[in-house]
Amino acid sequence: PGAGKGTQAKKVAALYGGPHLSPGDMFRDHFRRGTELGVRAKAFMDRGELVPDEIVVAMIEQRIAARDCAQGFILDGFPRTVAQAEALDQMLGRAGLPEPLVVHVKLDASLILRRLTGRRVCKVGGEIYNIYDRPPKTPNRCDHDSGELVQRDDDREEVIKERLAAYEEHTQPVVAYYRRRGLVQDLDGSGAPEEVTRALFAVIDREEGRGGHL
Ligand code: ADP
């Protein structure tokens with residue numbers, strides 16, 4: 001959490017094409033629309049806990065079955081547990097898609113805290129700001145559409161601690177799971193967003209040149 005994967009995943013989707021699939025965004029969208037799934041997921045998210053695997057996997061599985069995913073997709077925040085990674089392997093196998101390129105964005109805990117506590121999101125377009133490092137031109141207003149900037153409910157400090165604990169317990173093993181198979185590319189997430197994007201595009205281009213994933 002807070003490493004910048006959402007920001008970067010959007011850039012990848014814009015340049016390389018393919019839908020950007022983020023369970024976090026999908027749950028927040030469900031909640032805004034008042035669906036039962038959204039209400040269930042929000043209870044976990046507000047405590048900083050992971051949403052149960054069966055809920056997340058079913059949602060992703062359904063989304064991946066759509067036509068626009070047939071040539072591949074960008075997953076952001078999935079898989080977050082080894083059980084989810086195993087489910088993804090099966091989904092990819094069934095869809096006849098190759099193994100994923102896994103990008104592991106690395107960042108110090110102190111920077112993660114600064115990014116998460118400082119994050120503000122435009123209510124209208126979802127544009128992401130940081131009050132410390134990337135403030136909007138007018139306080140609390142989006143530069144693009146003047147939408148109100150709000151803090152996510154799970155970006156409060158006590159919830160952030162839980163999210164980081166969930167990462168250690170459940171998501172760190174996912175990195176090991178993919179590393180054993182030689183699929184992980186490590187990326188330094190500490191630079192400015194544009195720098196990280198440049199490094200990420202370089203990784204993708206290099207991997208694409210090798211064939212395989214893409
Ligand atoms: P961040 O990565 O900054 O925590 P996300 O929007 O990716 O933000 O996720 C927010 C919350 O949504 C998580 O803390 C978790 O509760 C839930 N969530 C997102 N992705 C998953 C997932 N793959 N499995 C379980 N829960 C998830």
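The following questions and answers concern helix 8, a pocket and two single residues of a predicted model.

Residues are numbered from 1 along each chain as its sequence is written, and side-chain values use heavy atoms, with hydrogens and water left out. Because the model is predicted, local features need pLDDT of at least 70 and side-chain atom pairs count only at pLDDT 80 or more, while totals for chains, interfaces and linings use all residues.

Student: How far apart are the end C-alpha atoms of helix 8?
Tutor: Helices (H or I, at least four residues) and strands (E, at least two) are DSSP runs, numbered from the N terminus. Helix 8 has 18 residues, 193–210, and at 1.5 Å a residue it should span 26 Å; the expected span is 1.5 Å times one less than the number of residues. The distance in the model agrees, at 26 Å.

Student: Where around helix 8 do its buried residues lie, on the same side or on opposite sides?
Tutor: Buried means under 20% relative accessible area, exposed over 50%, and partly exposed in between (1.4 Å probe, protein chains only). In helix 8 the buried residues are Val196, Thr197, Leu200, Phe201, Val203, Ile204 and Glu207. They cover an arc, taken from the directions from the helix axis to the C-beta atoms, of only 160 degrees, so they lie on the same side.

Student: Which elements do the buried residues of helix 8 pack against?
Tutor: Contact means heavy atoms within 4.5 Å. The face turned away from the buried side carries the exposed residues Arg198 and Gly209. The buried residues themselves pack against helix 1 (5–16), strand 3 (102–106) and strand 7 (184–188).

Student: Which residues cover Lys42, and is Lys42 buried or exposed?
Tutor: Lys42 is in helix 3 (residues 36–46). Not counting residues up to four places away in sequence, Lys42 touches Phe31 and Asp153. Its relative accessible area is 17%, so Lys42 is buried.

Student: Which residues is Ile131 in contact with, leaving aside its neighbours within four places in sequence?
Tutor: Ile131 is in the loop between strand 5 and strand 6 (149–150). With a relative accessible area of 40%, Ile131 is partly exposed. Its contacts beyond those neighbours are Gly118 and Arg120.

Student: What covers the buried residues of helix 6?
Tutor: The buried residues of helix 6 are Ile112, Arg115, Leu116, Thr117 and Gly118. Their cover includes strand 4 (119–122), strand 5 (128–130) and helix 7.
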